Amino acid sequence: MGIGALVRGLGLGALLLVGTAFGCAVVGVAGAERAYAQASSIVVEGNRRVEADTIRSYFKGRDAAAIDEALKGLYATGLFQDVQIRQAGGRLIVTVVENAVINRVAFEGNKKTKDEQLAGEIQSKPRGTYSRAMVQADVSRIVEIYRRNGRFDVRVVPKIIELPNNRVDLVFEITEGTKTGIKKIRFVGNRAYSDFRLKDVIKTSETSLLSFLKNSDIYDPDRIEADRDLLRRFYLKAGYADVRIVSAVSEYDPQAKGFIVTFTIDEGDRYTFGAVDIHSNVKAVSPEDLRRVLKVKSGAYYNAEAIEKSIEEMSIEIAKRGYPFAVVRPSGERDFERHIVNVAFIVEEGSRAYIERINIRGNNRTRDYVIRREFDISEGDAYNRALIDRAERRLKNLAYFKSVKITNEPGSAPDRIIINVDVEEQSTGEFSIGGGYSTSDGFLAEVSIGERNLLGRGQFVRMAAQFGENAKGFEFSFVEPYFLGYRVAWGLDFFYKQVDPTSYQSYETETLGGSTRLGFQLREDLSLQLRYSLYSQKITLPSNLDNCNQPSVIPGLPQFTGNPYNCYSDGEASLPIRLEVGDGPVLTSLIGYDLAFNTLDNNKNPRSGTLATLRQDFAGLGGDVNFIRTTGDLRYYSEWIPDVIGIIHLQGGNISSWGGQELRFLDQFRMGPNLVRGFASAGIGPRDLNPKTTQDALGGTLYWGASLEFQVPLYFLPKDVGMRGAIYADAGSLWDYQGPISNPATGESVLLSPNNAAIRSSVGVGIVWDSPFGPLRFDYAIPVTKESFDRVQEFRFGGGTKF
């Protein structure tokens, strides 16, 4: 009710104090409206900091409605605790009680959230005005921050400490409570995929013994909503065109002291692609020319992601042909009985619109050009939605930002569009201390520091040092992803590594060098890397394996009394190793390339797809050695039955010298569990069997390997533990040693092992653990076929961590 209406209802001759619930104003005299209208002046009382003229400026008239508006306006400023208005002696008297000034804002009891973070979120600030309403809003905001971090038992009590001169200290007393996690994740309506599989799709996880190392088990309604979209995309990619994620309900369980999240899914039927057609309404664009970029194949399971990528590739191809405004629209026709979706891509002229401006906001550290170069279009170009979507996906894949959102708004003309790119940056630096152990290398520690977005320029740099029981070294890497402004990655590497003698080798090696490389993304699934490397290698032996204490008589060898090469009484390393020690450091200069084909669905934990790599090196551009080395590696992943992943691994390689030069010992392939599990490092292939030597593995110039492995989750363990069981069978061979086998000067020779090309094979079981401490693997393999001189190692363990 307005003040004027209230006063009129009181009658003449009445003087009434009218107090609101907030300690409002006093209004009243008989004929108040006439008295206010005739007031000759406004007197302000009680103000200390606010000027009287500022208060008078709120009174635009003398009628009751104007006074009512002035009263509301004064309270709305937040500067006053109380305002009273009365008439006396023909004057309008305004008495105010100013809100106190906040001297400081403090937080007590907050251990999990820093003062700086809380201070940045609340509205009450030092030297600002104290307002009860604002403080209550701040309490709600602090509670919301803690609940976002999973602490739903949080309590916040604001208190004030009064100081002289109408100042106060504002203190928020916080009782943080315990973390409220996700105790259980349930799925309802999922027939095609198990709960175990769907938990892999979403980001939210359940609370477990390892929860102190993660935060994905904390209740976050925004993350759960994002999980709904992840589930929907997963089903659409797997053929379920009618899928609906009906609901995602979170209920707090007081007994479990956590949330139970239930996703209700309506899967629908699984569809395959039927006929796939292209219809072009642009005369100069032939449908047949666009078929080669299609990602959709007739007979394959329906895949919404493949449709999106097809539209993107077709739009780019059409734009290259001079039709940037052309639009590709998909059209689907379902056959519900046969569970087929017939897809037609329609190409037609779109509306002519140009990009007027690209606004980039939120990049406080990352340079503008780092973001703009991810766009295949710029200001003034034709607007193309497919290219905008591609840029958004690229920006997200950079991992520089917590969030990336691209929106449009109308430009200065009907055919102009403004693109807004809003990003939220995140930390891109990394400092890690790593540790690990393997049965071949022993204990290993690593310290590294890296930055993915160096100085906001989008460059990558990393330095690392390794210290191990049997090895040590350092690495430095630098990558410029856009070399000379082109989408070509240029890298520079320096490295040093020293490997000490072990039970698997009698010698020590030192490698020091560097390399430079250029990387090209030929297609989304095909990449090429060119490189040049220059490094020095040196091999050394303990003194007792490369000396002569006394002459000895070895049957079958000429005797050279006093000749240092004719002694084995205290043991000697194999001849090729000692010859290489005598050569001193050897410089290798080579060029090479890697050609990689990658269709994996997930590079970290693949469930389907192929990864094939062809690698070739040509040594002899200067340096001391000449060789050509070729290796190939193929891995194929497939989900044979739900949750059971089959892995086929094929590999092979060849190395040969050229220019009449003999191949060095260190350049030969040496194989062990990396080819056939169940064998020791360098435990397979040609070996020096001279009983008076250390009988080192000599290596070979040819190898092949094949493996079949099945991985299955360990259902009796919580999903978040990340353990999988494995069963496998391996086979392979290494043969054709091409190094020195004799020393005519001394009459020494190598007793080369026979039947080196024989197939080695094994079967085994293993446990694969994607632990919070890094990937760990335990294998127990039994050789099925082997040679008597091979070295066996049935149990093998390896792993590492960064923390």
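This is a short tour of one predicted model, stop by stop.

**Stop 1: the main core**

Start with Tyr 302, Met 314, Phe 345 and Val 347. They have the most contacts inside the largest nonpolar core, a set of 45 residues. Now colour the elements that each supply at least two residues of this core. The helices are H7 (195–201), H8 (221–237) and H10 (304–320). The strands are S7 (181–188), S9 (258–266), S10 (272–280), S11 (326–335) and S12 (340–349). Which element gives the most to this core? Select H10: it contributes six residues.

In soluble globular proteins, nonpolar side chains tend to be buried together.

**Stop 2: around Tyr 302**

Zoom in on Tyr 302 and show what it touches, leaving out residues up to four places away in sequence. Leu 236, Lys 237, Ala 238, Gly 239 and Ala 241 are among its contacts. So are Tyr 271, Thr 272 and Phe 273. Ile 307 and Val 341 complete the list.

**Stop 3: a separate core**

Apart from the 45-residue core lies another. This one has 22 residues. Select Leu 387, Phe 401, Ile 417 and Val 423, which are among them.

**Stop 4: two positive phi values**

Go to Leu 455, in the loop between strand S17 (442–454) and strand S18 (459–468). Its phi is near 55°, a positive value in a residue other than glycine. Is Leu 455 buried or exposed? With a relative accessible area of 58%, Leu 455 is exposed, because the cut-off for that is over 50%.

Jump to Asp 643, in the loop between strand S25 (627–641) and strand S26 (644–657). Phi here is near 75°, again positive in a residue other than glycine. Asp 643 has a relative accessible area of 5%, under the 20% limit, so it counts as buried.

**Stop 5: strand S27 and its partners**

Select S27, residues 702–713. In a regular strand the side chains alternate between the two faces of the sheet. Which residues of S27 form the covered face? Tyr 703, Gly 705, Ser 707, Glu 709, Gln 711 and Pro 713 do. The uncovered face holds Leu 702, Trp 704, Ala 706, Leu 708, Phe 710 and Val 712.

Add the strands that pair with S27. S26 runs antiparallel to S27, joined by 10 bridges. S28 (residues 723–735) is also antiparallel to S27, with 12 bridges.

Finish at Leu 708. Ile 648 stands opposite Leu 708. In S28, the bridge partner of Leu 708 is Ala 729.

How values were computed: Residues numbered from 1 in each chain as written. Predicted model: local features only at pLDDT ≥ 70, side-chain atom pairs only at ≥ 80, totals over all residues. Heavy atoms only, no water. Helix = DSSP H or I, 4+ residues; strand = E, 2+ residues; numbered from the N terminus. Buried < 20%, exposed > 50% of the residue type's maximum accessible area, 1.4 Å probe, protein only. Core = buried A, V, L, I, M, F, W, Y, C linked by side-chain atoms within 4.5 Å. Contact = heavy atoms within 4.5 Å. Pairing = 2+ DSSP bridges.
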